[in-house]
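Open the model in your viewer and keep the sequence panel beside it. This tour tells you what to select at each stop and what you will find there.

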Amino acid sequence: MKRVEQIENRRRAIIETALNLFIRKGYAATRTADIAREAGMSEGLLFHYFETKEKLYLSLLEIAAQGKDNVFNAPASSPVEFFEATAQTVLDYVAREPFAAKLFVLMGRAQYDEGAPNFAKSFSMRRKDVECAVALIEKGQQDGSIRKGDPLALATAFFTAIQGIAENIARNPQMPVPRAEWITDIIRGKQ
């Protein structure tokens, strides 16, 4: 194995192990010694890759935020198409990649984990994401493609459904994945 591959494999092992421990035990209860042991390396080697537990946690949140940013850049010709494409992208990804489903769990828990660093709370549903979703819902309400109702409440229902599905898949990867159109029907107007 080439050195570059070995470095990448170790880094991946640390990231995956840390993710599993953080979602299972929480930030404060997860020790770097636990991560190192479960990843099959010394704590010193772990610190070679990540200087602190906080930086490791931040790396996981940044990976999750990148994924979320990719979702919000989905091309669509209408608000309903955007939400359906978003649901499809997320559901395909979490069904194919258990790591992605676990990132949803981490993001959800970061808001409430009292032991987590303060920066973790800012990685959950960011204000600009909510504003983007609300604006699209309002646009869809004007053309009748999205149901009437409070746009913020509709956006919350849509994204909470996706969050819940991802968390269920993280706990049970064999769980069947709902169809994206079912999730979109939460906000779809009557045709």
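**First stop: P173.** This is a predicted model. Select P173: with 44% relative accessibility, P173 counts as partly exposed, because buried residues lie under 20% and exposed ones over 50%. P173 sits in the loop between helix 8 (151-171) and helix 9 (180-184). Now add P98 to the selection. The two residues are 75 positions apart along the chain, yet 6.8 Å separates their C-alpha atoms.

**Zoom out: the whole chain.** Show the protein chain as a cartoon. There are 9 helices and 0 strands. Read from the N terminus, the order of elements is α-α-α-α-α-α-α-α-α. The C-alpha trace spans about 60 × 35 × 25 Å along its principal axes. Color by burial next: 43% of the 191 residues count as buried. Then consider the contacts with a sequence separation of 6 or more. Residues 24 or more positions apart make up 69% of them.

**Into the core.** Select F22, Y57, L60 and F83. Within the largest nonpolar core, which holds 54 residues, these four touch the most other members. Which helix gives the most to this core? Helix 8 does, with 10 residues.

Stay on Y57 and show its neighbors. Leaving out residues up to four places away in sequence, Y57 touches F22, Y27, L106, A110, D113, A116, P117, F119 and A120.

**Helix against helix.** The next three stops are pairs. Two packed helices are described by the angle between their axes and by the distance between those axes.

*Helix 1 and helix 2.* Select residues 3-25 for helix 1 and residues 32-39 for helix 2. Their axes come within 9 Å and cross at roughly 125°. That angle makes helix 1 oblique to helix 2. The crossing is right-handed. On the helix 1 side, the contact is made by A13, I14, T17, A18, L21, F22, R24 and K25. On the helix 2 side, look for D34, I35, E38 and A39. Color this contact by class: it has 7 nonpolar, 1 polar and 4 charged residues.

Pause on K25, which lies in helix 1. Is K25 buried or partly exposed? K25 is partly exposed, because its relative accessible area is 37%, between the cut-offs of 20% and 50%. Beyond residues up to four places away in sequence, K25 touches T30 and D34. For a distance check, add F159. K25 and F159 are 134 residues apart in sequence, and their C-alpha atoms are 25 Å apart in space.

*Helix 5 and helix 8.* Hide the first pair. Select helix 5 (residues 79-96) together with helix 8. The two pack at an angle of about 10°, with their axes 10 Å apart. Helix 5 is therefore roughly parallel to helix 8. Show side chains for F83, T86, A87, V90, L91 and V94 in helix 5. They meet F158, F159, I162, I165, A166 and I169 in helix 8. By class, this contact divides into 11 nonpolar, 1 polar and no charged residues.

*Helix 5 and helix 6.* Keep helix 5 and bring in helix 6 (residues 98-110). Here the axes come within 5 Å and cross at roughly 115°. This pair is therefore roughly perpendicular. From helix 5, the contact uses V90, Y93, V94 and R96. From helix 6, it uses P98, A100, A101 and F104. The residues of this contact are 7 nonpolar, no polar and 1 charged. You have met P98 before, as the partner in the distance from P173.

**A loop stop: S77.** Go to the loop between helix 4 (53-71) and helix 5, and select S77. S77 counts as exposed, because its relative accessibility of 60% is over the 50% cut-off. Add A170 and draw the distance. S77 and A170 are 93 residues apart in sequence, and 31 Å apart in space from C-alpha to C-alpha.

**Last stop: Q141.** Select helix 7 (residues 127-143) and find Q141 there. Is Q141 buried or exposed? Q141 is buried, because its relative accessible area of 13% is under 20%. Show what surrounds Q141. With residues up to four places away in sequence not counted, Q141 touches I146, R147, K148, G149, P151 and L154.

Note on methods:
Residues numbered from 1 in each chain as written. Predicted model: local features only at pLDDT ≥ 70, side-chain atom pairs only at ≥ 80, totals over all residues. Heavy atoms only, no water. Helix = DSSP H or I, 4+ residues; strand = E, 2+ residues; numbered from the N terminus. Buried < 20%, exposed > 50% of the residue type's maximum accessible area, 1.4 Å probe, protein only. Core = buried A, V, L, I, M, F, W, Y, C linked by side-chain atoms within 4.5 Å. Contact = heavy atoms within 4.5 Å. Axes fitted to C-alpha atoms, helices over the stretch in contact; angles between N-to-C directions. Parallel < 35°, antiparallel > 145°, perpendicular 65-115°, else oblique. Left-handed = near helix turned anticlockwise from the far one by under 90°. Nonpolar A, V, L, I, M, F, W, Y, C, P; charged D, E, K, R; others polar.
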